[in-house]
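This report concerns a single protein model and the contacts and cross-links within it. Please examine the sequence and the coordinates before reading on.

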Amino acid sequence: MAQLISVVLVLGLVFLAFSPICFCGKTTGGYLYPQFYDRSCPKAREIVHSIVAKAVAKEARMAASLLRLHFHDCFVKGCDASVLLDSTGSIVSEKGSNPNRNSLRGFEVIDEIKSALEKECPQTVSCADIMALSARDSTVLTGGPSWEVPLGRRDSIGASLSGSNNNIPAPNNTFQTILTKFKLKGLNVVDLVALSGSHTIGNARCTSFRQRLYNQSGNGKPDYSLQQSFAAQLRNRCPRSGGDQNLFFLDFASPKKFDNSYFKNILASKGLLSSDQVLLTKNEASMELVKKYAESNELFFEQFSKSMVKMGNISPLTGSRGEIRKGCRKINS
């Protein structure tokens, strides 16, 4: 009997030694893990990737839009696709919030992916997981790092307009406010700086940084932490009034390439948004991280991947909570 027990123990240890390490997130009610759809929808990742690739080839800006969609979803009620819901009798959509109105985009790409997945394996792949995969694929397609995306999220049956207005970091928030919003989601200063690096691709509207050019502190003076000849260039297309929707590259050095030039811009006092530049000027820990990532693309990519997995694990619905929507814009009837 003792011999049998020792054999079982040895076999158990051997099994553990050769088990693959799971890049998973423990969540209330279950785990997220990359192989979640391997049996129920084996082509899921391939379908998502092909449609994202087509969309980004058609319009390079779409990569940043899909990445931002995942971010704006996770920071409200967790990564549960609440941001995709349209307003109905009982739901007030997050699409009308200050951070999202006239700004958040990529919904049609998510619809196209969902439609293709419903044909392949009906009511199996959640809209929340589609967004997590799309964010990873968008990063890779623009030259950024890859990572295994833990899967198994389910979709919410509600939205939170107030959560969207209050929880998403704003371009003119103070450093401390931004960091607090990250900490409330279980993220830290390292995640804040690494994830801000997603501003290496995409655009910002004039309205999101105008105050830096004309009236940063309410005293009628510009933000002097912005390099002055760069500020003069920006004023040409971002006047004191009008031109709200005029678009500017977040990273003018390599706007369509996912790399660490965003951090180099900040060191040169050419971060476009106030929320970019404060990473250097308002906190020592974040300043050191900006310098590190500006020096090493590899270090930035490594941390960005880790922080994206961490962000993707914010309060997902798993097990029997939530639902798998048939369409991403409305809950199942």
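The text below treats an annotated site, then salt bridges, then disulfides.

## Basis of the description

The model is predicted, and local features require pLDDT of at least 70, side-chain atom pairs count only at pLDDT 80 or more, and totals for chains, interfaces and linings use all residues. Residues are numbered from 1 along each chain as its sequence is written, and side-chain values use heavy atoms, with hydrogens and water left out.

## The annotated binding site

An unreviewed UniProt entry carries the annotation "binding site" for Asp 73, Val 76, Gly 78, Asp 80, Ser 82 and Glu 94. UniProt positions appear in the numbering used here, with shortened feature names, and such annotations may be inferred rather than shown by experiment. The annotated residues span 22 residues in sequence, yet no two of their C-alpha atoms are more than 13.1 Å apart, so they gather at one spot.

Two of these positions can be described further. Val 76 belongs to helix α3, residues 62-77. Helices (H or I, at least four residues) and strands (E, at least two) are DSSP runs numbered from the N terminus. Val 76 has a relative accessible area of 7% and is therefore buried; the term buried denotes under 20% relative accessible area, exposed over 50%, and partly exposed the range in between, with a 1.4 Å probe and protein chains only. Contact here means heavy atoms within 4.5 Å. With neighbours within four places in sequence set aside, Val 76 is in contact with Glu 94, Ser 160, Gly 163, Ser 164, Asn 167, Ile 168 and Lys 185. One of these partners, Glu 94, is itself covered by the annotation.

Gly 78 lies in the loop between α3 and α4 (107-120). Its relative accessible area is 1%, so Gly 78 is buried. With neighbours within four places in sequence again excluded, Gly 78 is in contact with Asp 73, Ile 314 and Ser 315. Asp 73 is likewise covered by the annotation.

## Salt bridges

Side chains of opposite charge can pair when their charged atoms come close. A salt bridge is taken as a side-chain nitrogen of Lys or Arg within 4 Å of a carboxyl oxygen of Asp or Glu. The structure holds 14 salt bridges, including the three pairs described next.

Lys 310 and Asp 191 meet through their side chains in a salt bridge, with an N to O distance of 2.7 Å. Lys 310 lies in helix α14 (residues 297-312) and Asp 191 in helix α8 (residues 189-196), so the pair ties together parts that are 119 residues apart in sequence. Lys 310 is partly exposed at 33% relative accessibility, whereas Asp 191 is buried at 2%.

Asp 223 forms a salt bridge with Arg 212, and the closest N and O atoms are 2.9 Å apart. This pair links distant parts of the chain, with Asp 223 in the loop between α9 (210-214) and α10 (228-237) and Arg 212 in helix α9, eleven residues apart. Both Asp 223 and Arg 212 are buried.

In the salt bridge of Asp 38 and Arg 45, the closest N and O atoms are 2.8 Å apart. Asp 38 is partly exposed, with 37% relative accessibility, and Arg 45 is partly exposed, with 33%. Elsewhere, a network of salt bridges links Asp 86, Lys 95, Asp 111 and Arg 329.

## Disulfides

A disulfide is a covalent bond between the sulfur atoms of two cysteines. In this model the criterion is a pair of cysteine sulfur atoms within 2.5 Å. The structure holds four disulfides, among them the following.

| Disulfide | S to S distance |
|---|---|
| Cys 41 to Cys 121 | 1.8 Å |
| Cys 74 to Cys 79 | 2.0 Å |
| Cys 127 to Cys 328 | 2.1 Å |

The disulfide of Cys 41 and Cys 121 links distant parts of the chain: Cys 41 is in the loop between β2 (30-32) and α2 (44-58), and Cys 121 in the loop between α4 and α5 (127-141), 80 residues apart. Cys 41 is buried at 2% relative accessibility, and Cys 121 is buried at 6%.

The link of Cys 74 and Cys 79 is right-handed, with 120° about the S-S bond. Cys 74 is buried with a relative accessible area of 0%, and Cys 79 is buried at 1%.

For Cys 127 and Cys 328, the torsion about the S-S bond is about -95°, so the disulfide is left-handed. This pair links distant parts of the chain, Cys 127 in helix α5 and Cys 328 in the segment after α14, 201 residues apart. Both Cys 127 and Cys 328 are buried.
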